[in-house]
Amino acid sequence: MLAVDLFVNGLIFGLFYALMAVGLAMIFGVLRVVNFAHGEFYMVGAYTYVLVAMKLGVSPWLALPAAAAAGALLGAVVERLLMRPLYAGYASWSIMKDEYAVVVTFGLSLLLINLVDKIVGPYPYRGPALTELSRVVLGPVLLNGQKLIAAGVSLALLVGLALFIKRSLWGRQIQAVAQNRLGASLAGIDATRTTSLIFAISGLLAALSGALLAPLINPSPDVGAFPAMKSYVIVVLGGMGSIWGAMIAALLLGILEAFFAVYVSYDYRDALGLLILILVLLFRPQGLVGEKGREV
Amino acid sequence: MKRLTFLAAVTATLYLPALAQEPIAIGISIAQSPPGSVVQGTQVKDGLEIMKDMINAKGGVLGRPIKLIYEDDQGIPEKGRAAAEKLITSDKVVALTGGHQSSVCLAAIEVAHRYQVPYVNTNCWSDDVRKKGYAEVFNPSNYNTRVSQAMAETIAAMGVKRVVAFPENTDYGIGQAKLLAEFIKQKAPQVQYKYETLDRAGKDFTPAVLALRANPPDMVINVMLPPAAYILMNQLYEQGVAPSAKTWLYDGAGLADYPDFWQNVKEAGKGLISFGLYHPRMNIPPIGKELAAEYTKRTKGEPNRLIFQAADSLLLIAEAIKQAKSTDPKAITKALQNIKFSGVRGPFQFGKQPGYGFQQWVDIPYVNYQLTEVNQPVSKSNLIQGPGQPLDLKKLQKAK
């Protein structure tokens, strides 16, 4: 009974992790840089949802797309203003690409946390739920209604994203730019526009993840730190830059953590992810489904 | 020569009154940004500001106004240490106060002790702050032994058999959970007690809660601060663990009087039993009533314990300066050691015994109450134990 409970809850948290981590993986896949402000995309989504629903009195179902739009807009603006120097003609920046990306995204993360802290305030805000059902019984499993809806929306978004990447023209362009930016450009793909699109999708997914969880995690300005940390572990475990790897790794980590917390130690549950991170980097740096190397 | 003498006389005439009016600087180190408890930091600041205005409105201390210099320690010990160092060496404060998170207090008192500057602890509960035995550290706030003893007495009286506590992974949380184990052993040896430490930055405590669902204990105890405490309460409620017909939920962290409590817990707070250090039905002296009225005027809310504790911390320093007739930190420390103080929560003196009672208000009053409705203010809650009174368990209502 407990095992079923843990499996289902782990799977659900895995879906939330996946929604966050996929965006990070996409950015890494295309630019080969880590976005340290990814957790703050999540925070902005959570706050947009809460403030639109509570302060403007809008239905939570309408606050959800508002949060998604805020995340997408933030992602696109960050790409245009801060990330474009990495690949669009600023030769001196591309020499120090890694250093630039670390400093600029880390700075952005601190800026966003402090802006929200000063403008909205330090108090945690519990967002309104999408449903009033606080307890839903599914066989042996007892779930919060919001959690169930959030899991369903997350699953639908992940499936939609997979189809978009696989089937749509834009999705194929993303794949092409991720495989070889120069080659894609030579084939007539607008790599700059594609990168913008990736940042917008990444921001949208992280913001939606924050919005869906806002009624469960009582967002405060530093709320993004925890899911961002998980996302880094997932991106490494799945294979740097692999979207499919990130999805599988997220589900796996969610389930492993749930069982580890009960049967080994709750105290060390978060350390489990970091241990996995170290082991993967040491013994299987390509991750679960990543490539060992790439030559073109 | 005459001209020089005249100039010196004019300068002295102009300068001396200004010097006499030079403010007395008091250093405040609180959490004003995450990951520290900003909720607590804001409440402490509110209490200090009101008391500062009250003192200054009556002419200040020794004819000089009080000036508060704030540092944001973010609830991080090393930042608290750096803040204390900066306040003492750069801002030349005559005393430090405001500390509200034990790990930070433990770091900051080392600096205060080194520079022999008085440190008035506003809300750090860890007994270790007292056990250090530093002559400069004074504790008009609550302490872990007091809470654990009171909670163990309640647990014994309620006749529960299995108790699980969830402390946060800090000096305060773990310290209190361990003390609770000791007191339960003494006062209710038949009770099976265990605790599970949770990460104060955590967002998902479901696995720890699920482990209780199959065989719920008779009581779950919260020893966490917001926002993690709110998340834990919501998850306990969602899983039907506590408060429930089988399991009581008992809060040892004083959550229920935070201004954001109900917004964050809603149904999960109904039925909560809470250990409290302030209740509107407590006997409060006129100066305390004046403080409460001013707080309500400024914020439209009910004051909580932190408002009173912060106000008392500043008033203590002001009284000590008055008694010492000096702003020399050593003289203030000496005055505090012997002070007979009457503050916003009533009169008290500091204990002299080494250990948890060192320079501590040992008999600090407390209450136990139960929240019986969603959005219920503390003033309307079900008071099951007034200060110094026996428990009235007949008043307790089990959740349905």
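Me: Helices, of at least four residues, and strands, of at least two, are taken here as DSSP runs numbered from the N terminus. How many of each make up the secondary structure of chain A?

Reply: The model is a predicted one, and the count applies to chain A as it stands in that model. From the N terminus on, the elements of chain A run α-α-α-α-α-β-β-α-α-α-α-α-α-α. The secondary structure of chain A therefore comes, with runs counted in this way, to twelve helices and two strands.

Me: What radius of gyration does chain A have, set against that of a compact globule?

Reply: The C-alpha trace of chain A spans about 55 × 45 × 35 Å along its principal axes, and 51% of its 296 residues count as buried. For a compact globule with 296 residues the radius of gyration would be near 19 Å, and the value for chain A agrees with this because it is 19 Å.

Me: How many residues of each chain are in contact across the two chains?

Reply: A contact requires that the C-beta atoms of two residues, placed from the backbone, lie within 7 Å. By that cut-off, the contacts between chain A and chain B involve 28 residues of chain A and 31 residues of chain B.

Me: Which element gives the largest share of the side of chain A that touches chain B?

Reply: Two or more residues on this side of chain A come from each of helix H1 (2–31), helix H5 (97–119) and helix H11 (243–263) of chain A. By class, the side of chain A that touches chain B has 15 nonpolar, six polar and seven charged residues. The largest share, five residues, comes from H1(A).

Me: What radius of gyration does chain B have?

Reply: Chain B has 13 helices and 14 strands, and its C-alpha atoms fill a box of roughly 95 × 40 × 35 Å along the principal axes. A compact globule with 400 residues would have a radius of gyration near 21 Å, and the value for chain B, which agrees with this, is 23 Å.

Me: Which residue of E13(B) stands opposite B:Ile273?

Reply: B:Ile273 belongs to strand E10 (residues 273–276) of chain B, where B:Ile273 and B:Phe275 on one side and B:Ser274 and B:Gly276 on the other are all buried. Strand E9 (residues 248–251) of chain B runs parallel to E10(B), joined by two bridges, and B:Tyr250 has B:Ile273 as its bridge partner in E10(B). Strand E13 (residues 367–370) of chain B runs antiparallel to E10(B), joined by four bridges, and the residue of E13(B) opposite B:Ile273 is B:Gln370.

Methods:
Residues numbered from 1 in each chain as written. Chains lettered and ligands numbered in written order. Predicted model: local features only at pLDDT ≥ 70, side-chain atom pairs only at ≥ 80, totals over all residues. Nonpolar A, V, L, I, M, F, W, Y, C, P; charged D, E, K, R; others polar. Rg over C-alpha atoms; globule rule 2.2 N^0.38 Å. Buried ≥ 20, exposed ≤ 12 C-beta atoms within 10 Å, placed from the backbone. Pairing = 2+ DSSP bridges.
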